[in-house]
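Here's a quick walk through one protein model, written for someone who likes to poke at coordinates. Have the viewer open as you read.

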Amino acid sequence: QMWEEAIALCKELAEQYEKEVFDYELLSQNLIQQAKFYENIMKILRPKPDYFAVGYYGQGFPTFLRNKVFIYRGKEYERREDFQAQLMSQFPSAEKMNTTAAPGESVKNSPGQYIQCFTVQPVLEEQPRFKNKAVPDQIINFYKSNNVQRFHYSRPVRKGSVDPENEFASMWIERTSFVTAYKLPGILRWFEVVDVSQSTISPLENAIETMSTTNEKILMMINQYQSDENLPINPLSMLLNGIVDPAVMGGFAKYEKAFFTEEYIRDHPEDQEKLNRLKDLIAWQIPFLGAGIKIHESRVSDNLRPFHDRMEECFKHLKVKVEKQYGTRELPDFDDKRVGRPRSMLRSYRQLSVISLSSMNSECSTPKKVASESFDLEAMLPKQGKAESEETAVLSNPHPEVKMRRSKKRTKRSSVVFADEKIARDISVSDMKCV
């Protein structure tokens, strides 16, 4: 289902059929197949493969495997347990390592065989051609798990005093980054890791990442339901209810108790910008949830109507609380009438979120919603100023007839927008003729 790669090959064939072979029948078939690939990208949901980091430690392995780490691309819907069992069957005498930390020299220099296997997350590489453009999520999702070369593994670490009632306050993340020799997938389904680095993420930064991931997950699911009316409602129900129902989740109330206290602000003045970022993400979650609940209401069955009513009631209380503390965020109208399909909410949210964050002060101010008609008027305003300057030039010109003809032509072009101005000009011109 790597249709993007197939499209690239189709384009090469099309150029040969059109410019070298001059076989228009094959060219027509090729273009039809290419159009089908584009349609599949937008309409068919593709499963994301998992990636596994496998380390071979010990002197018992051959030289090309000894004390090296490889990143494997799993098959569709392949679990780590199944992949690991198949891997261990190839080395019956090897011992499975139950830790994900890097082994010491004693393990690397031992005469035995030790295999370490754990799941890693691919990192999306920035595509220059997508920068500052509203790209549909179906197109971006392909590059989240394909043509990737960097992978992350995050491990929670406890530091300082642990609060049993709020684990987020002391949860640090130790992140290990792996870089492979080549991009995956390639000729092989695995490549050797050529660079390993580690970094530590603070509890506040971890909370920001978690909230941002949750918001994008909500919007991606909303986009899927907007583009396909036949999707079952259960995944959307579970996601929304897990966020809005306080009996199901602790939610960002845990973050409020951990970070939005006077004690934390006093002890960590350097985190003020990050705190504002977390507040902004919490405020943005409300309009996303509102859009999801609106879709859920239109598709919920009669059997699940009481469940929806309770979820909507919980959302109303949550909305009042969040908007009172963190302000209101508003999303634009996502119905793109030019192309007849809903616009990507995720891309629009990213653009709006950046704007609101850049203009946000310590009080987490709320961006205003601007009517679309105002942009047209603003674009036309310079013409009005120019016309007025020309009218002034007409009055001061000793031979005004040439200027009058030009002003009449310009008035006709802008007569729809400036009807009152046209009447005023006609009066002034008639007065001049009388003089």
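Does N147 count as buried, partly exposed or exposed? With a relative accessibility of 25%, N147 counts as partly exposed. The residue lies in the loop between α5 and β5 (148–158), and its phi is positive, about 55°, although N147 is not a glycine. We'll come back to the backbone further down.

## How far to trust it

Keep in mind that this is a predicted model. The mean pLDDT of the protein is 79, and 74% of the residues reach 70 or more. Two stretches deserve some caution. Over residues 334–344 the pLDDT is below 50, and this stretch has 20 contacts in the model beyond near neighbours in sequence. Residues 353–435 also have pLDDT below 50, with 58 contacts counted in that way. Where pLDDT is low, the predicted coordinates should not be read in detail.

## The overall picture

The protein has 15 helices and 9 strands. Of its 435 residues, 37% count as buried. Among contacts with a separation of 6 or more, 67% come from residues 24 or more positions apart.

Looking for disulfides? The structure holds 0 of them. As for individual cysteines, C10 counts as buried because its relative accessibility is 8%, below the 20% cut-off. C314 counts as buried too, at 13%.

## Strands and a hairpin

Strand β7 (residues 190–201) is a good place to start on the strands. Strand β6 (residues 171–184) pairs with β7 in the antiparallel sense, over 8 bridges. Within that pairing, E174 stands opposite T200 in β7. The two strands form a hairpin with 5 residues between them. P185 lies in the loop that links β6 and β7, and the peptide bond leading into it from L184 is cis, with omega near -5°.

β7 also runs antiparallel to strand β2 (residues 68–73), and 3 bridges join these two. Here the bridge partner of Y72 is W190 in β7.

## A helix with two sides

Helix α3 (residues 80–90) has F83, Q84, L87 and M88 as its buried residues. These four sit on the same side of α3 because they cover an arc of only 130° around the axis. A85 and S89 are exposed, on the other side of the helix.

What lies over the buried side? The cover for the buried residues of α3 includes β1 (51–57), β2, β3 (95–96) and β4 (114–122). So β2 shows up twice in this tour: it covers α3 and it pairs with β7.

## Two nonpolar cores

In soluble globular proteins, nonpolar side chains tend to be buried together. In this model the largest nonpolar core has 39 residues, and F259, L278, I282 and L289 touch the most other members. At least two residues of this core come from each of α6 (203–227), α7 (234–244), α8 (253–259), α10 (272–299) and α11 (305–326). The most generous contributor is α10, which gives 11 residues.

Which residues does I282 touch, leaving out those up to four places away in sequence? They are M211, F252, F260, V322 and Y326. There is also a second, separate core of 15 residues, and Y51, V69, I71 and V148 are among its members.

## Asparagines worth a click

Back to the backbone, as promised. N132 is another residue other than glycine with a positive phi, near 60°. Its place is the loop between β4 and α5 (137–145). At 71% relative accessibility, N132 counts as exposed, whereas N147 counts as partly exposed at 25%.

N223 is found in helix α6. Is N223 buried or exposed? At 10% relative accessibility, N223 counts as buried. The C-alpha atoms of N223 and P136 are separated by 9.0 Å, although the two residues are 87 residues apart along the chain.

Terms used. Residues are numbered from 1 along each chain as its sequence is written. This is a predicted model: local features need pLDDT of at least 70, side-chain atom pairs count only at pLDDT 80 or more; totals for chains, interfaces and linings use all residues. Side-chain values use heavy atoms; hydrogens and water are left out. pLDDT is the predictor's confidence in each residue, from 0 to 100. Contact means heavy atoms within 4.5 Å. Two strands pair if DSSP finds at least two bridges between them. A disulfide is a pair of cysteine sulfur atoms within 2.5 Å. Buried means under 20% relative accessible area, exposed over 50%, partly exposed in between (1.4 Å probe, protein chains only). The arc is that of the directions from the helix axis to the C-beta atoms. A nonpolar core is a set of buried Ala, Val, Leu, Ile, Met, Phe, Trp, Tyr and Cys residues joined through side-chain atoms within 4.5 Å.
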